[in-house]
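Colleague: Before we look at any details, could you take me through how to read the features of this model, one at a time?

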Amino acid sequence: MKRFLGAMTLVAAVGLAQAQTQKAPPAAAQPAPRAAGAEAGGLTWTASKDWEALPARPMRAATYRIAPAKGDTEPAELAVFYFGQGQGGAVDANVKRWVGQFQKADGSALTDKDVRTKKETLNGLAVTTVDVKGTYTGGGPMMGPSSPKPGSRLLGAIVEGPEGPLFFKLTGSERTVAGAEKGFRKLVESVKKK
């Protein structure tokens, strides 16, 4: 009799657990999280509420999807990288690497006049911004398009924080990135120490 009651209790517990699982909506049916405040490396920032915060990805502090502008078919992506104090390389080396991921329509390398960079101080932090247009050839085997993408643009910002730099890299079509430019600037201006 004790074994029978024990077995019945176990069956009831499993049945209850299954019933509760079935009541919860599937993950795909839940709305995607909207972008908002985030933090990494002792710094915080606020992303546009119009941007979709994507799930965690390796090597990234955050990833945001920006809806395509009218006439575009693909969204833009803002990747936020934080590697730790003393990691991630020098600011100028990163700017050079990002610029090297683009080329002119004829396949030739970009020149200094094709790239806009600016060094400034925002909220007491050194910030370097980059703006480059052309054919995006990618960021390596795990980070870029599988084929070159003409008509692309990159807006980047490297914020030098007390626990190491944060790298903000927005890439997509020129039109979609242009539509996100004010939001990107607001994000960069929102970065501050925790």
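Modeller: Let us begin with helix bending, where the bend at a residue is the angle between two fitted axes, one through the seven residues ending there and the other through the seven starting there. Please keep in mind that this is a predicted model.

Colleague: Where is the kink in helix 3 centred?

Modeller: The kink in helix 3 is centred on E181 and amounts to about 45°. The span can be checked as well: at 1.5 Å a residue, the 17 residues of helix 3, residues 174-190, should cover 24 Å, and because the end C-alpha atoms are 24 Å apart, the two values agree.

Colleague: Which residues of helix 3 are buried?

Modeller: The buried residues are T176, V177, A180, F184, L187, V188 and S190. In the protein chain as a whole, which has 194 residues, buried residues make up 39%.

Colleague: How should I read a pocket, and which residues lie nearest the centre of the second largest pocket?

Modeller: The general idea is that rolling a probe the size of a water molecule over the atoms shows where empty space is left. In this structure, the second largest pocket holds about 240 Å³ of space, and of the 13 residues that line it, R116, T129, L155, E181 and R185 lie nearest its centre. Two or more lining residues come from each of strand 7 (115-122), strand 8 (125-136), strand 9 (149-161) and helix 3. By class, the lining comprises six charged, four nonpolar and three polar residues. E181 thus appears twice in our reading, as the centre of the kink and among the residues nearest the centre of this pocket.

Colleague: Turning to the strands, with which strands does strand 5 pair, and in what sense?

Modeller: Strand 5 pairs in the antiparallel sense with strand 4 (residues 60-66) over six bridges, and it pairs with strand 10 (residues 164-173), again antiparallel, over six bridges. Among the bridge partners, Y64 is matched with L78 of strand 5, while F81 is matched with F167 of strand 10. Strand 5, residues 76-82, is also mostly covered, with five of its seven residues buried.

Colleague: What should I make of backbone angles, and what is the phi of N123?

Modeller: Most residues other than glycine have a negative phi. N123, in the loop between strand 7 and strand 8, has a positive phi near 50°, and N123 counts as partly exposed because its relative accessibility is 46%. M59, which is not a glycine, has a positive phi of about 70° and is found in the loop between strand 3 (52-53) and strand 4.

Definitions and conventions: Residues are numbered from 1 along each chain as its sequence is written. This is a predicted model: local features need pLDDT of at least 70, side-chain atom pairs count only at pLDDT 80 or more; totals for chains, interfaces and linings use all residues. Side-chain values use heavy atoms; hydrogens and water are left out. Helices (H or I, at least four residues) and strands (E, at least two) are DSSP runs, numbered from the N terminus. The expected span of a helix is 1.5 Å times one less than its number of residues. Buried means under 20% relative accessible area, exposed over 50%, partly exposed in between (1.4 Å probe, protein chains only). On a 1 Å grid over the protein atoms alone, a cavity is a set of points where a 1.4 Å probe fits but cannot get out, and a pocket is an open set with protein on both sides within 12 Å along at least five of seven lines; lining residues have an atom within 4 Å of a point. Grid points are joined across faces, edges and corners, and a volume is the space filled by probe spheres set on the points. Ala, Val, Leu, Ile, Met, Phe, Trp, Tyr, Cys and Pro count as nonpolar, Asp, Glu, Lys and Arg as charged, and the others, Gly among them, as polar. Two strands pair if DSSP finds at least two bridges between them.
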